[in-house]
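Reader: I should like to examine how certain labels in this structure are justified. Please show me the model before we begin.

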Amino acid sequence: MLVLAFDTATPAVTAALHDGERVLAEHTTIDARRHGELLVPTIERVVREAGAALRDVTAIVAGSGPGPYTGLRVGLMTAQGLATTLGVPAYGVCTLDAVAYGSGLAEPFLVATDARRKEVFWARYSDMRTRLDGPFVDRPADVPVEGLPVVGAGAALYAEILGKNDAPPYPYAGALAALAAERLAEGTPLGPPRPIYLRRPDAVVPGAPKRVTA
């Protein structure tokens, strides 16, 4: 097994290579505006640092969101393109699941990431591996925290409402790769690399032109 995993659903452009037992290489750049520019060089870097070649990869895993449309599609389109080129399967894993796995928590908690527009994407977990509910998008004040710890960049951004936590804020690809490798080894089905959108797109089909009267 050699899993190439990456995520572009948050400001973190992150990629990692996992051999089924450990992360061989991982690299992350925090830059919300350069997903398309940074992802392929980041993939090339981790493959090179692992002493591997792309032809050695047996599975592609991309974070499937939720996240902003532009960044999210960079990762998913790259996953589909690489899978076709290499002739290997491509999978999608919820980005919030990667944040949860990276937290290492064994008790109930929430994950919240920045959804912009003064909102967060969030989900509820019983432990680092098990999502109970979500994902959803809400204003921070409407998230039912109920005394649970909240991890992720959304918690850091709205600490006065959600409570600050020291867990990693982003879905680092090492955690994404480890989670995917664990599920593949267990025979747990992984979904296709399709985006999780929780909002309608901003772009709309223009209506009929207004009639001009003299």
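Author: The model is a predicted one. We may begin with F121, which has a relative accessibility of 4%.

Reader: Why does F121 count as buried?

Author: Buried means under 20% relative accessible area. F121 is at 4%, and therefore counts as buried. This residue lies in strand β7, residues 119-127. Beyond its neighbours within four places in sequence, F121 is in contact with residues including P66, L96, V111, F136 and L198.

Reader: What makes the aromatic pair of F109 and Y125 stacked?

Author: Planes under 30 degrees apart count as stacked. The planes of F109 and Y125 are 15° apart, with 5.5 Å centre to centre. The pair therefore meets the rule, as centres must lie within 6.5 Å. F109 belongs to strand β6 and Y125 to strand β7, 16 residues apart.

Reader: How do you know whether F109 and Y125 are buried or exposed?

Author: F109 has 0% relative accessibility and so counts as buried. Y125 is buried because its relative accessible area is 1%.

Reader: Why is the pair of Y69 and Y197 called tilted?

Author: Tilted is the term for planes that are neither under 30 degrees nor over 60 degrees apart. For Y69 and Y197 the angle is 40°, and the centres are 5.6 Å apart.

Reader: Why does Y69 count as partly exposed?

Author: Partly exposed lies between the limits of 20% and 50%. Y69 is at 47% and therefore counts as partly exposed. Y197, at 38%, counts as partly exposed on the basis of its relative accessibility.

Terms used:
Residues numbered from 1 in each chain as written. Predicted model: local features only at pLDDT ≥ 70, side-chain atom pairs only at ≥ 80, totals over all residues. Heavy atoms only, no water. Helix = DSSP H or I, 4+ residues; strand = E, 2+ residues; numbered from the N terminus. Buried < 20%, exposed > 50% of the residue type's maximum accessible area, 1.4 Å probe, protein only. Contact = heavy atoms within 4.5 Å. Phe/Tyr/Trp six-rings, centres within 6.5 Å; stacked < 30°, edge-to-face > 60°.
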